Structures are given as C-alpha cells and as structure tokens.
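Let's take a walk through this protein together. Keep the sequence and the 3D view side by side, and stop to look for each residue as it comes up.

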Amino acid sequence: MGKGGGCVPSKKRQPSSAAATATATTATNNAPIEADEETHETASVAVNSTNAQSVTATLKIFIVYYSMYGHVEKLAKRMKKGVDGVEGVEAVLYRVPETLPADVLDHMKAPSKNPEVPEIKAAELAEADGVLFGFPTRFGCMAAQMKAFFDSSGQLWKEQTLAGKPAGFFVSTGTQGGGQEATAWTAITQLAHHGMLFVPIGYTFGAGMFKMDSIRGGSPYGAGVYAGDGTREPTETELGLAEHQGKYMAGVVKRLCQA
C-alpha cells in the first residue's frame with residue numbers, strides 16, 4: 001500500500017505485551033530481591049510503550065490540484081471537508097507549480113494563487129495514503145500544469161513507489177460538452193503507469209447524480225464544475241458532490257489500509 005503513514009505496519013515492531021511480561025518475569029526470577037521493584041517498573045514502561053504504538057496513525061489523503069480561476073480550488077476545499085469528516089482520515093491541500101509566466105497570467109486575468117496552500121513536489125506523493133487530483137480541461141485532457149507535474153514523477157514511476165495507492169479525479173470544464181468525463185478518462189493513463197488504483201465515485205451520490213432541473217458538473221468519474229467564461233460559480237450540488245467524493249474516498253482508503 002505504498003509508503004503512506006497509516007497503511008504500512010512498522011518494520012521495527014515492538015514485542016507484544018505478553019512477550020514483554022514474560023521477559024520481565026524471567027528477569028525477576030533471576031535477579032536479586034532488591035532489583036525486583038525496578039524490574040516490574042521497567043516491564044510496565046515496556047507494556048505502556050507497546051500499547052501506545054498500537055494506536056492507528058491518522059491516514060493522509062492529499063488533494064493535489066491546479067486551478068487557474070479558482071473553480072477547481074473551491075471543489076478541493078469542499079472535498080477536504082468530506083475527507084476530514086471521516087474519523088481517522090485527514091486531507092491535506094496542495095497545488096502543483098504554475099508553468100505560465102506572470103505576464104501571461106496577467107493577460108489572462110488569472111487571480112493570484114492562494115498562499116495558504118503550499119506547492120507540492122512529486123516526491124511528496126509517497127507520503128500519502130491516497131490522492132485526489134483536480135484540474136481544468138484543455139481539449140478533453142488535463143491542463144498542462146498538471147501534466148507537467150505528472151511528468152516530474154519519473155523517479156516515483158521507476159521505483160513504483162505509488163503502486164497500490166488509491167487515487168481519484170475531479171475536473172472543471174467551460175461547457176457541458178467540454179470534457180466532464182473525457183478529462184478524467186484520459187487522465188487514467190497516468191495512474192496506470194504508476195500502478196495506482198483508480199477510484200471513481202460511480203452513482204454513489206444518489207439522487208444528486210440524476211438531477212435534470214439545473215446545469216450540474218460531475219460524472220461517475222468524479223466531481224466536476226462548469227466554469228463557463230470564468231464568472232460562473234460552483235453550485236451547491238456541485239460542491240455537495242465534491243464533499244461526497246472526499247468522504248467516499250476516505251472510506252475507501254480506510255478499508256484498504258485496514259485490510
């Protein structure tokens with residue numbers, strides 16, 4: 001299950017409490033009487049240490065995204081709420097590096113990046129127990145910024161560090177026919193080469209997946225938003241689907257890590 005904090009048991013496993021007690025008993029029988037009190041104290045410390053280490057570590061889901069106008073970022077923040085609502089799982093927001101020069105971004109009237117969300121380097125993905133990738137579409141494929149990030153993960157690919165880690169996608173498109181499904185579908189190749197497990201949401205959102213009374217982004221592949229010309233804001237249904245995906249992914253990661 002990769003190298004995430006909560007899925008891989010420690011290779012330096014401490015002896016069980018029963019073994020620690022047995023060892024302490026043997027030591028007591030062979031030790032002078034005046035050492036008896038000290039031996040029992042040492043055994044008690046060993047047992048307490050073992051019990052403390054048996055507590056399951058918090059599982060980490062990285063939400064890694066690229067957002068030019070803020071639509072994907074809003075989905076990411078709502079997705080984090082869904083993940084954090086599951087006991088024992090925590091979401092961490094990251095953004096991938098920008099590849100466009102500042103003057104081009106100014107010309108495109110793109111707002112400044114959120115300074116509270118740190119940039120991520122590909123090597124850091126090894127620390128996650130699961131990953132949710134978010135990005136806008138470019139002609140039915142992920143934006144170049146996210147593709148550049150995947151392209152920088154060659155060392156992880158070489159070592160198959162991410163093999164077995166669950167991952168999902170969420171997207172933003174300008175129009176209804178702009179790639180809500182195709183953008184995620186074409187991104188699956190990145191996961192396949194890393195040996196990662198693609199986790200779609202299917203129709204687990206229930207009735208919200210079948211609403212026809214309003215325009216809604218998202219698909220069985222994952223949450224989505226329609227950005228239009230950039231001025232349209234995500235609807236509550238789109239945000240609700242993002243929150244659901246976070247909660248759903250957290251549940252999947254927990255089950256895989258506890259298996």
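A salt bridge, as counted here, is a side-chain nitrogen of Lys or Arg within 4 Å of a carboxyl oxygen of Asp or Glu. By that rule the count in this structure comes to 9 salt bridges. We'll get to a few of them, but let's check how far we can trust the picture.

What you're looking at is a predicted model. The protein averages a pLDDT of 84, and 78% of the residues score at least 70. Over residues 8-36, though, the pLDDT is below 50, and this stretch has 18 contacts in the model beyond near neighbours in sequence. Residues 42-55 also have a pLDDT below 50, with 10 contacts beyond near neighbours in sequence. Where pLDDT is low, the predicted coordinates should not be read in detail. So let's spend our time elsewhere.

Start with strand 3, which covers residues 130-138. How many of its 9 residues are buried? The number is 8, so strand 3 is largely enclosed by the rest of the structure. Now look at what it pairs with. Strand 1 (residues 59-65) runs parallel to strand 3, and 5 bridges connect the two. To find this pairing in the 3D view, look for Val64, whose bridge partner in strand 3 is Phe133. Strand 5 (residues 166-173) is also parallel to strand 3, joined to it by 6 bridges. Here you can spot Leu132 standing opposite Gly168 in strand 5. As you trace the strands, here's a handy rule: in a regular strand the side chains alternate between the two faces of the sheet.

Strand 3 has one more pairing to show you. Strand 4 (residues 141-142) pairs with strand 3 in the antiparallel sense, over 2 bridges. Arg138 stands opposite Cys141 in strand 4. The two strands make a hairpin with 2 residues between them, and Phe139 in the turn has a positive phi of about 55°.

Next, move over to helix 7, which spans residues 182-194. Which of its residues are buried? They are Thr183, Ala184, Ala187, Gln190, Leu191 and His194. What do these buried residues of helix 7 pack against? Quite a list: strand 3, strand 4, helix 5 (144-151), helix 6 (154-159), strand 5 and strand 6 (197-198). So strand 3 and strand 5, which we just met as a parallel pair, turn up again as packing partners of helix 7. Right after helix 7 comes Gly195, with a positive phi near 75°.

Now back to those salt bridges. Find Arg78, whose side chain meets that of Glu236 in a salt bridge at 2.5 Å, N to O. The two come from distant parts of the chain: Arg78 sits in helix 3 (residues 71-84) and Glu236 in helix 8, 158 residues apart. Arg78 also forms a salt bridge with Glu243, with the closest N and O atoms 2.7 Å apart. This pair links distant parts of the chain too, since Glu243 is in helix 8 and Arg78 in helix 3, 165 residues apart. Put together, Arg78, Glu236 and Glu243 are linked in a network of salt bridges.

Are these three residues buried or exposed? Arg78 has a relative accessible area of 18%, so it is buried. Glu236, at 51%, counts as exposed. Glu243, at 24%, counts as partly exposed.

While you're in helix 8 (residues 236-258), look for Gly251. Gly251 is buried, because its relative accessible area is 18%. Gly251 and Glu87 are 164 residues apart in sequence, but 9.4 Å apart in space, C-alpha to C-alpha.

For another salt bridge, head to helix 5. There the side chains of Asp151 and Lys147 meet, 2.7 Å from N to O. These two both lie in helix 5, 4 residues apart, which is about one turn of the helix. Asp151 is exposed, at 52% relative accessible area, while Lys147 is partly exposed, at 32%.

Let's finish on the surface. Tyr69, Val104 and Met108 form a nonpolar patch there, with about 230 Å² of accessible area together. Val104 is found in helix 4 (residues 102-107), and it is partly exposed, with a relative accessible area of 31%.

Conventions: Residues are numbered from 1 along each chain as its sequence is written. This is a predicted model: local features need pLDDT of at least 70, side-chain atom pairs count only at pLDDT 80 or more; totals for chains, interfaces and linings use all residues. Side-chain values use heavy atoms; hydrogens and water are left out. pLDDT is the predictor's confidence in each residue, from 0 to 100. Contact means heavy atoms within 4.5 Å. Patches are made of residues with over 30% relative accessible area and no salt bridge: like charges are joined within 9 Å, nonpolar side chains (Val, Leu, Ile, Met, Phe, Trp, Tyr) within 5 Å. Accessible areas come from the Shrake-Rupley method with a 1.4 Å probe; for residues, only the protein chains shown count as cover. Buried means under 20% relative accessible area, exposed over 50%, partly exposed in between (1.4 Å probe, protein chains only). Two strands pair if DSSP finds at least two bridges between them.
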